[in-house]
Amino acid sequence: MGKVRKSQDALDGIIPYDPKYLPARVLLSANENPNSVPAVVEEEILAGLKGFAFNRYPDPLANELRDLIAERENKAFEAAGVDVRFSRENVLVGNAGDELLFDFSLAWGGPGRTLLNVVPTFSVYAANSELTGTRVVEVPRCADYSIDEEAVIARVAQGDIDQVVITSPNNPTGDAVSEGFMQRLLAATDALVMLDEAYIEFAEGSLAHLIAEHENLLVLRTFSKAYSCAGVRLGYILAQPSVITEFIKVRQPYSVDAISQLVGRAVVRHSDAFVPGIQAIKSERALILEALRALPGVEAYDSCANFILVRIPGADKVWEALYERGILVRDFSHSKGLENCLRLTVGTAAENQELLAALREIVK
Ligand SMILES: *Cc1c(COP(=O)(O)O)cnc(C)c1O
């Protein structure tokens, strides 16, 4: 016949997600860790690959990795003095955060259901809602990009919201949510609230302990940012077992391959080895913020993550001038609510110096 009939109507007009990745010498656009995994992690992975059973299907639920993640959380709870204990039933591993975000739309979204989205934020939430036929209600952030807490609480109180996403620290604005607000939100609704903590290692502390008192809380984490594994595709959710069970119903049974599980185990066993690198990024973040604020006409927002949002006159021209110098940053200047904004990922000290030198030259 030579012809194919049309795809489902829901795909009409959908534009595929574009991370705007371009080849460049200095990559400061995707919030990756500027360094790969520490040597001790690499050694464990290489040793595990020797004689690896490539012919066997992986453990569908990655139970060994779930156990290690639960154990790591329990250590963090203990260190923070909170009386909460997790087991593997509180953890589900996925093909990075992206898969788990899609599962969130499959399990709690869908036709006739509604997501509350606090914008501007990560564009993947709305994209998944569109694909699954989920209605999206937007609550805009305040002028300084902090969450309009009263507006969110008032909106969930109407009772029609099935799912909420709160991103902390938020991408691309960098602000973190307060525990008090999360407590209020979780008490005000029975919607499932996804707290996306993709960047939590760069902030002051996780709110995962709230899961113990709130069945409607789900926390998302990833190996892609602080843990240097964007190329591997690993992430997980933390929640009460009743919520995890619903995610298991919609997930792809073998989405987390055996090599990724091996990498994940090595990373979690040696999480401590990542701490100096995370500390370095936090110190660099403070230095960059100070330097940015000394530039004329540049507004730089506080950040609890490994990136900084800046507002800069003629941002798209500035983006081009940086790219001509081999530096790739993320241009949000054409996104709603982010006019003239660029997002700068914190890189190595040398990369950050190069970025700042280029910006000084460009804004002059
Ligand atoms: C990067 C990111 C994720 C997850 O990314 P994966 O690489 O798919 O794990 C989730 N949420 C936010 C806000 C992010 O920026």
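Let's start with helix H4, residues 124-131. H4 lies across S3, S4, S5 and S6. It runs at about 155° to S3. Keep in mind that this is a predicted model.

Now the sheet under that helix. Seven strands, so to speak, in a row: the order is S2-S8-S7-S6-S5-S3-S4. The sheet is open, and its pairing is mixed. A quick reminder on pairing: strands of a sheet pair through backbone hydrogen bonds, either parallel or antiparallel.

Which strands stand at the edges? Strand S2, residues 91-94, and strand S4, residues 135-140. Each has a single partner strand, so one side of each is left without a neighbour in the sheet. From one strand to the next, the twist averages 25°.

Look at one pair in detail. Strand S6 is residues 192-196, and strand S7 is residues 217-222. They pair in the parallel sense, over 4 bridges. Within that pair, Asp-196 stands opposite Leu-220 in S7.

Helix H3 packs on this sheet too. H3 touches S2, S3, S5, S6, S7 and S8. Its direction makes about 170° with that of S6.

Stay with H3, because we now move to the ligand, and H3, residues 96-108, gives the most to the shell around it: 3 residues. How many residues surround the ligand? There are 14. The closest are Asp-196, Tyr-199, Thr-222, Ser-224 and Lys-225. We met Asp-196 a moment ago, opposite Leu-220. By type, the shell divides into 5 nonpolar, 5 polar and 4 charged residues.

Now some distances. A polar side-chain atom of Thr-222 lies 2.6 Å from an oxygen atom of the ligand. For Asp-98, a backbone N or O atom lies 2.9 Å from a ligand oxygen. For Lys-225, an N or O atom in the side chain is 3.2 Å from an oxygen atom of the ligand. And how much of the ligand does the protein bury? Taken alone, the ligand exposes 380 Å², and the protein buries 94% of that.

Last stop: another sheet. This one is open, with 5 strands in the order S1-S11-S12-S10-S9. Its pairing is mixed as well. The edge strands are S1, residues 26-28, and S9, residues 299-300. Each pairs on one side only.

S9 and strand S10, residues 307-311, pair in the antiparallel sense over 2 bridges. There, Ala-300 stands opposite Val-310 in S10.

This sheet has a helix on it: H10, residues 315-324. H10 touches strand S11, residues 327-331, and strand S12, residues 341-345. The direction of H10 makes about 160° with that of S11.

Definitions and conventions
Residues numbered from 1 in each chain as written. Predicted model: local features only at pLDDT ≥ 70, side-chain atom pairs only at ≥ 80, totals over all residues. Heavy atoms only, no water. Pairing = 2+ DSSP bridges. Contact = heavy atoms within 4.5 Å. Axes fitted to C-alpha atoms, helices over the stretch in contact; angles between N-to-C directions. Near = heavy atom within 4 Å. Polar contact = N/O pair within 3.5 Å; in protein donor to acceptor, adjacent residues only side chain to side chain. Areas by Shrake-Rupley, 256 points an atom, 1.4 Å probe, with all protein chains shown as cover. Nonpolar A, V, L, I, M, F, W, Y, C, P; charged D, E, K, R; others polar.
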